[in-house]
Each structure stands twice: as structure tokens, then as C-alpha cells.
Amino acid sequence: MTDEQLLPLRSSAQYKALGHPMRHRMVNLLRQRPATLSELTTALDSTKGTVGYHVRVLREAGLVRLASTRQVRGGTEQRFELVNRGFQLDEETGARFLHDVALAEMSPVRPGDPGHTVLHHVWLTPEEARTLAGRIEDYEHGQRLYPEHGTEPYGLLLSLYRADIPRLPPEGRPT
């Protein structure tokens with residue numbers, strides 16, 4: 001996804017809207033396609049009042065918009081969509097936000113699940129770090145972003161960051 005397709009998140013209202021687990025789940029649903037309140041209510045196993053409230057919060061934050069309306073049985077059905085296919089987070093709060101979101105959406109591990117979470121530290125030159133960041137970006141772009149028959153959702157939280165790890169002097173040198 002190119003930066004032009006990403007909505008830059010700039011306000012605390014946007015982060016707050018995305019930070020609620022129900023609204024985050026709604027965004028994940030709307031990434032698949034536009035949906036009505038009834039479709040969201042069913043998918044989220046919630047009530048129309050609750051879903052309507054959370055859609056309103058997302059709309060007021062500028063993250064969701066009305067995609068279309070149609071007349072059904074004497075009423076008006078509304079279909080909602082994301083304003084962009086994804087969001088661009090600021091460097092300062094984005095990493096913590098993504099970490100918190102990933103933790104909140106993790107399902108309990110079931111026997112046989114292929115989950116894998118580790119923290120590794122590697123020593124790289126700035127050029128090697130840029131190359132690795134590019135490879136991570138390329139890997140992400142090659143993956144399925146939308147459901148297909150036989151697939152299950154898995155989260156992939158990738159972060160390349162400069163770590164605050166002190167450096168020991170080479171062995172044998174006086175300190």
C-alpha cells in the first residue's frame with residue numbers, strides 16, 4: 001500500500017476512535033468491503049444501538065463515511081466504508097498504539113496454532129537497516145489482505161526500530 005492510500009492520523013480523536021476494541025474490529029471488517037449496520041451487528045455479535053454508536057464515533061473522527069443508501073421496507077439502509085484503505089501513524093505514538101492494538105486483538109492460543117512471537121536484536125549499519133525495512137515492506141505487500149475461502153486471519157506486527165541497548169567496549173580494553 002502506498003502512502004497516498006493511507007490516511008495520516010493526526011488527532012487524538014482518531015487514535016481514541018481506533019483504540020477501542022469494538023471500533024478496531026469494525027475497521028477490520030470495513031477493510032474487507034463496505035457494510036451496513038445490520039451486517040456489522042451480525043459480524044460483531046452485538047446490538048444495532050452499540051454498533052451505531054461506534055460507527056458514529058468513527059465517522060466523527062473522519063475514519064468512516066457513508067458509502068451509499070437505499071430504500072428498504074419503508075426505511076433507509078446505510079452502507080459505510082473506510083475513508084482510506086489504511087492509516088499512517090505518526091512515529092511518536094504509532095508504535096505504542098500498534099503494540100496495544102495487536103495485544104488487544106490476539107486470540108487465545110489453541111493447541112496446534114502456528115503462532116510465533118519473539119524479540120530479537122540485531123546489529124546493523126544504517127544502510128542494512130534501510131534494506132531490511134524495504135524487505136519487510138515488500139513482504140507485507142505480497143500477502144493476502146482480504147479473506148479468501150479457507151483462510152483465517154493472523155496478525156503480523158513487524159517493527160524495525162533503533163534499540164536503546166548500551167554497548168560494551170571490546171573485550172580486553174580498559175574501561
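What percentage of the 175 residues of the protein chain count as buried? The figure is 21%. Keep in mind while you click around that this is a predicted model.

**Stop 1: the whole chain**

Start zoomed out, with a cartoon of the protein chain. You should find six helices and five strands. Going from the N terminus, the order is β-α-α-β-α-α-β-β-β-α-α. The radius of gyration is 20 Å, while the globule rule gives 16 Å for 175 residues, so the chain is more spread out than a compact globule. Switch to the C-alpha trace and rotate along the principal axes: the spans are about 85 × 40 × 25 Å.

Turn on a surface if you like. About 13,600 Å² of the protein chain is exposed, with 52% of that coming from carbon and sulfur atoms. For the contact-map fans: take contacts between residues at least 6 apart in sequence, and 62% of them join residues at least 24 apart.

**Stop 2: the core**

Now select Leu9, Leu18, Met26, Leu40, Leu58, Leu63 and Phe87 and show them as sticks. These have the most contacts inside the largest nonpolar core, a set of 26 residues. Color the elements that give two or more residues to this core: α1 (12-19), α2 (21-32), α3 (37-44), α4 (48-60), β4 (75-82) and α5 (91-105).

Center on Leu63 next. Leaving aside residues up to four places away in sequence, Leu63 touches Leu7, Leu9, Gln14, Ala17, Leu18, Leu58, Glu81, Leu82, Val83 and Phe87. Leave Glu81 displayed, as Leu63 is not the end of its story.

**Stop 3: a histidine in α2**

Slide over to His24, in helix α2. Is this residue buried or exposed? His24 is buried, because its relative accessible area of 14% falls under the 20% cut-off. For its surroundings, select Leu18, Val101 and Glu105, which His24 touches once residues up to four places away in sequence are set aside.

**Stop 4: the β3-β4 hairpin**

Select residues 64-72, which make up strand β3, together with β4. The two strands run antiparallel and eight bridges join them. To check the register, pick Leu66 in the viewer: its bridge partner in β4 is Phe80. Then follow the chain to the turn, where two residues sit between the strands and Arg73 takes a positive phi near 40 degrees.

Back to Glu81, whose side chain meets that of Arg65 in a salt bridge, at 2.8 Å from N to O. This pair links distant parts of the chain, with Glu81 in β4 and Arg65 in β3, 16 residues apart. Both ends are partly exposed: Glu81 has a relative accessibility of 22%, and Arg65 has 37%.

**Stop 5: more charged pairs**

The full count is six salt bridges. Try Arg56 and Glu60, whose closest N and O atoms are 3.9 Å apart. Since a salt bridge needs the nitrogen within 4 Å of the carboxyl oxygen, this pair makes the list. Arg56 and Glu60 are four residues apart in helix α4, about one turn of the helix. Arg56 is partly exposed at 44%, whereas Glu60 counts as exposed at 64%.

For another pair within a helix, jump to α6 (residues 126-141), where Arg130 and Glu127 lie three residues apart. Their side chains meet in a salt bridge of 3.4 Å, N to O. Arg130 counts as exposed at 53%, and Glu127 as partly exposed at 46%. Finish by selecting Arg33, Glu39 and Arg79, which salt bridges with shared partners join into one network.

Methods
Residues numbered from 1 in each chain as written. Predicted model: local features only at pLDDT ≥ 70, side-chain atom pairs only at ≥ 80, totals over all residues. Heavy atoms only, no water. Core = buried A, V, L, I, M, F, W, Y, C linked by side-chain atoms within 4.5 Å. Buried < 20%, exposed > 50% of the residue type's maximum accessible area, 1.4 Å probe, protein only. Contact = heavy atoms within 4.5 Å. Pairing = 2+ DSSP bridges. Rg over C-alpha atoms; globule rule 2.2 N^0.38 Å. Areas by Shrake-Rupley, 256 points an atom, 1.4 Å probe, with all protein chains shown as cover.
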